[in-house]
Amino acid sequence: MERKKYKLSDLLTIKNGRDYKHLEEGNIPVFGSGGYMLSRSSFLYDKPSILLPRKGTLSNIQYYNKGKFWTVDTCFYSIINDELCDGYYLYRYLRNLDLSRYDTGASIPSMTQKTYNKIKVFLPSLPTQQKISSILSSYDRLIENNTRRIRLLEQMAENLYKEWFVRFRFPEHENVEMVNGLPKGWKINSLKEICEFKRGRNITSAEMCDGIIQVISAGVAPSGYHNKANVHGVSVTMSSSGANAGYISIHYDDIWAADCSYISEKETEDIYYVYELLNNIRQVINNFQIGAAQPHVYPKDINRIKTCVPPKELRIKANTNLSKIHKEIHKLYKQNQLLTRQRDLLLPRLMSGKLEVKS
């Protein structure tokens, strides 16, 4: 496949992002180098654009083609020269590059417009780019549809929890007497009566390998992978330190719990109920952060949180209903993992010309 060499400046006009704090709340997405941040009332640009990190995670190049948006000063946006390139193709091409070698930052990874503009890009003809984009973006559409379904299912699970355990409209609630603001038989007690967080076991980067078991630590995303697990089955983890201290996450497959706290399905038979409960009191959990420079949340403090404790049989009943929703979520996550893997395997073969693109 014949390809032509360009400088990135031939293909993109790179523009600076701006501070958003003066803007009112609205429905226009604001992006930083880490991704979507929040929504505001004004926009910087309203056409398809490749968003390039200026500071932070340099690998997180984004593509936005859904209308108006704003970027903050840690993230450039761009005007695409659509006479020479297909925006989505170029986005995928740039995502496939290792930009760390262009890093100009001392302590924080950084890129300048000048550095971006000098990057050499090799592109096939525009029609070929568009054909390849059509193939790859079909995977993205399927992933996006599944992601929307996941969000709807998550909302269903949250609504079920709130209906039963916040509004007290659980099955046959009409026949239950209220005593001191709670249904009879319910009580206020420590979280430890329902579940008990345990500390994970740290693992060094040298001990991690090319396994398939996620290593869960202080961040939102896995910190690596291992070839064995120390927590089996469905589990709920809570980040114990750093900017995400107190972050609650559910895992449907085996994990290695490292610098985090966890609850395992083996220790509690109402794990899905517990996850929804913890999500419902996440602000309370955040109030238990200790430390200014490096926030921490300790299991012993979380286990002492006072919460409403319904009868176990009702928790189990709710868990049965919630498990059906969460199993569907798990299935969709698995589908997305497979689609992502298939797309990413196709990507280099299509772009190199090893896999022929038919008209």
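This report describes the overall dimensions, one sheet and two helix contacts of a predicted protein model.

## Overall architecture

The protein has 359 residues, of which 45% are buried. Its secondary structure consists of eight helices and 20 strands. The C-alpha trace extends over about 75 × 45 × 45 Å along the principal axes.

Among contacts with a separation of 6 or more, 68% join residues 24 or more positions apart. The protein exposes an accessible surface of about 19400 Å², and carbon and sulfur atoms contribute 48% of that area.

## A four-stranded antiparallel sheet

Strands of a sheet pair through backbone hydrogen bonds, in either a parallel or an antiparallel manner. In this model, four strands are arranged as an open sheet in the order S13-S19-S16-S17, with antiparallel pairing. The edges are occupied by strand S13 (198-199) and strand S17 (248-251); each has a single partner strand, so one side of each is left without a neighbour in the sheet.

Within the sheet, strand S16 (residues 235-239) and strand S19 (residues 260-264) are joined by five bridges in the antiparallel sense. Ser235 has Ser264 of S19 as its bridge partner. Helix H5 (residues 271-280) lies across S16, S17 and S19, and runs at about 160° to S17.

## Packing of helix H2 against helix H4

A pair of packed helices is described by the angle between the axes and the distance between them. Helix H2 (residues 87-95) packs against helix H4 (residues 126-165) at an angle of about 75°, the axes being 8 Å apart. Because angles of 65 to 115 degrees count as roughly perpendicular, H2 is roughly perpendicular to H4.

On the H2 side, Tyr88, Tyr89 and Arg92 make the contact, while H4 supplies Gln129, Ile132, Ser133, Leu136, Ser137 and Asp140. By class, these residues comprise four nonpolar, three polar and two charged.

## Packing of helix H2 against helix H8

Helix H2 also packs with helix H8 (residues 312-352): the two axes come within 11 Å and cross at roughly 100°. This crossing makes H2 roughly perpendicular to H8.

The residues in contact are Tyr89, Arg92 and Tyr93 of H2 and Arg343, Leu347 and Met351 of H8. Four of the residues in the contact of H2 with H8 are nonpolar and two are charged, with no polar residue. Tyr89 and Arg92 of H2 thus appear in the contact with H4 and also in the contact with H8.

Technical notes: Residues are numbered from 1 along each chain as its sequence is written. This is a predicted model: local features need pLDDT of at least 70, side-chain atom pairs count only at pLDDT 80 or more; totals for chains, interfaces and linings use all residues. Side-chain values use heavy atoms; hydrogens and water are left out. Axes are lines fitted to C-alpha atoms, for helices over the stretch in contact, and angles run from 0 to 180 degrees between N-to-C directions. Helices (H or I, at least four residues) and strands (E, at least two) are DSSP runs, numbered from the N terminus. Angles under 35 degrees count as roughly parallel, over 145 as roughly antiparallel, 65 to 115 as roughly perpendicular and the rest as oblique. Contact means heavy atoms within 4.5 Å. Ala, Val, Leu, Ile, Met, Phe, Trp, Tyr, Cys and Pro count as nonpolar, Asp, Glu, Lys and Arg as charged, and the others, Gly among them, as polar. Buried means under 20% relative accessible area, exposed over 50%, partly exposed in between (1.4 Å probe, protein chains only). Accessible areas come from the Shrake-Rupley method with a 1.4 Å probe; for residues, only the protein chains shown count as cover. Two strands pair if DSSP finds at least two bridges between them.
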